[in-house]
Amino acid sequence: MAPALSFPIIDMGLLAGEERPAAMELLRDACENWGFFEILNHGISTELMDEVEKLTKDHYKRVREQRFLDFASKTLADAKAAENLDWESTFFVRHLPESNLAEIPDLDDGYRRVMRRFAGELEALAERLLDLLCENLGLEGGYLARAFRGRSTGAPTFGTKVSSYPPCPRPDLVSGLRAHTDAGGIILLFQDDRVGGLQLLKGGEWVDVPPLRHAIVVNLGDQLEVVTNGAYKSVMHRVVAQPDGNRMSIASFYNPGSDAVIFPAPALVNKAQDQEAAAGNGDGVGVYPRFVFEDYMKLYVRHKFEAKEPRFEAFRSMETDSSNCIAIA
């Protein structure tokens with residue numbers, strides 16, 4: 001396992017001062033070469049984050065722990081079955097286009113209020129980050145956020161996966177969460193600062209994502225790879241089960257609306273083509289496919305824990321087949 005000493009950590013407070021160019025360059029490098037980075041001074045109050053953490057851990061202890069222990073005892077009894085399971089206790093909350101927070105069972109009113117407030121802060125942060133990415137990419141402000149808006153709702157899909165990773169007596173047998181890339185757009189993670197386990201794949205080695213108090217971990221999903229035509233790439237990551245400690249993970253996914261049409265930004269395709277031409281490369285630039293996000297998700301749920309490239313290729317093939325049919329007609 002490679003050390004995480006050089007893992008990109010960005011102080012967003014520097015974006016408002018003389019060090020903004022250096023901070024933007026660090027952000028660009030993180031997006032191009034890591035697909036992951038960690039942000040500090042992101043604007044979400046430490047008091048709110050502390051409250052979210054306390055209520056989340058209390059909720060697991062009160063409502064979910066015994067259920068998980070019952071599940072875990074059965075899982076470890078069958079080594080073969082454990083290979084395709086994840087050592088995590090989760091629940092999901094949808095925020096946009098319509099919230100289902102009121103429908104989630106076993107949440108008390110105080111927890112619902114805090115989660116609603118936290119989600120609003122994360123949504124604003126996601127859109128701020130997307131605009132910073134636009135700036136680095138040379139896209140007009142708001143391009144990425146607009147690309148994610150559903151045609152019918154005018155909104156993205158935004159939701160949160162709340163996870164606990166309890167102590168695992170057999171980390172050699174079962175993963176906390178198997179390796180995968182995220183299907184969506186930009187992911188904001190509030191993780192435990194005491195119990196690690198999150199790793200990303202870089203240069204063929206697994207690199208630890210360092211737990212930092214009151215930081216938000218950001219990673220890029222498959223849809224950003226498509227819209228940037230590969231300038232930014234999603235990265236395989238996993239959670240390693242730990243023998244001690246109970247890791248908290250609150251991952252919020254700012255994704256396209258279900259009926260949003262996702263395709264490479266023409267400005268980025270043209271820019272890449274101009275660069276290839278200037279370099280005398282006659283092979284041309286590969287262009288990522290166009291598809292409806294909901295269609296991508298249908299493919300993703302069947303192949304989540306596999307390489308992403310065949311998913312992209314499947315939609316390229318669909319485009320080619322469609323083009324051939326039109327030509328024949």
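Cysteine 134 is buried in the predicted model, because its relative accessibility of 1% falls under the 20% limit. Cysteine 168 likewise counts as buried, at 1% relative accessibility. No disulfides are present in the structure; their number is zero. Cysteine 134 accordingly takes part in none, and the nearest cysteine sulfur, which belongs to cysteine 31, lies 11 Å away. A disulfide is a covalent bond between the sulfur atoms of two cysteines, and the cut-off applied to such a pair is 2.5 Å.

Nonpolar side chains tend to be buried together in soluble globular proteins. In this model the largest nonpolar core holds 68 residues. The members that touch the most others are Phe37, Ile39, Phe118, Leu129, Leu144, Ile186 and Ile216. Helix H4, spanning residues 109-137, supplies the largest share of this core, with 14 residues. A second core, separate from the one just described, comprises 15 residues, among them Leu177, Ile187, Leu198 and Ala251.

The surroundings of isoleucine 39 illustrate the larger core. When neighbours within four places in sequence are left aside, isoleucine 39 is in contact with Ile10, Met12, Leu125, Leu129, Ala215, Ile216 and Val218. Two of these partners, Leu129 and Ile216, are themselves listed with isoleucine 39 among the core residues that touch the most other members.

Leucine 76 is located in helix H2, which covers residues 46-76. Its relative accessible area is 24%, so leucine 76 is classed as partly exposed; the buried class requires a value under 20%. Outside the four nearest places in sequence on either side, leucine 76 is in contact with Trp87, Pro169, Arg170 and Leu173. Threonine 90 is 14 residues from leucine 76 along the chain, and the C-alpha atoms of the two are separated by 18 Å.

Strand S7, residues 198-202, has two antiparallel partners described here. With strand S10 (residues 237-239), S7 pairs over three bridges. Within this pairing, leucine 198 has valine 239 of S10 as its bridge partner. Leucine 198 is also one of the residues of the second nonpolar core. With strand S8 (residues 205-208), S7 pairs over four bridges, and glutamine 199 stands opposite aspartate 208 of S8. S7 and S8 form a hairpin in which two residues lie between the strands. Glycine 203, in the turn of this hairpin, has a positive phi of about 60°. In a regular strand, side chains alternate between the two faces of the sheet.

Technical notes. Residues numbered from 1 in each chain as written. Predicted model: local features only at pLDDT ≥ 70, side-chain atom pairs only at ≥ 80, totals over all residues. Heavy atoms only, no water. Pairing = 2+ DSSP bridges. Buried < 20%, exposed > 50% of the residue type's maximum accessible area, 1.4 Å probe, protein only. Core = buried A, V, L, I, M, F, W, Y, C linked by side-chain atoms within 4.5 Å. Contact = heavy atoms within 4.5 Å.
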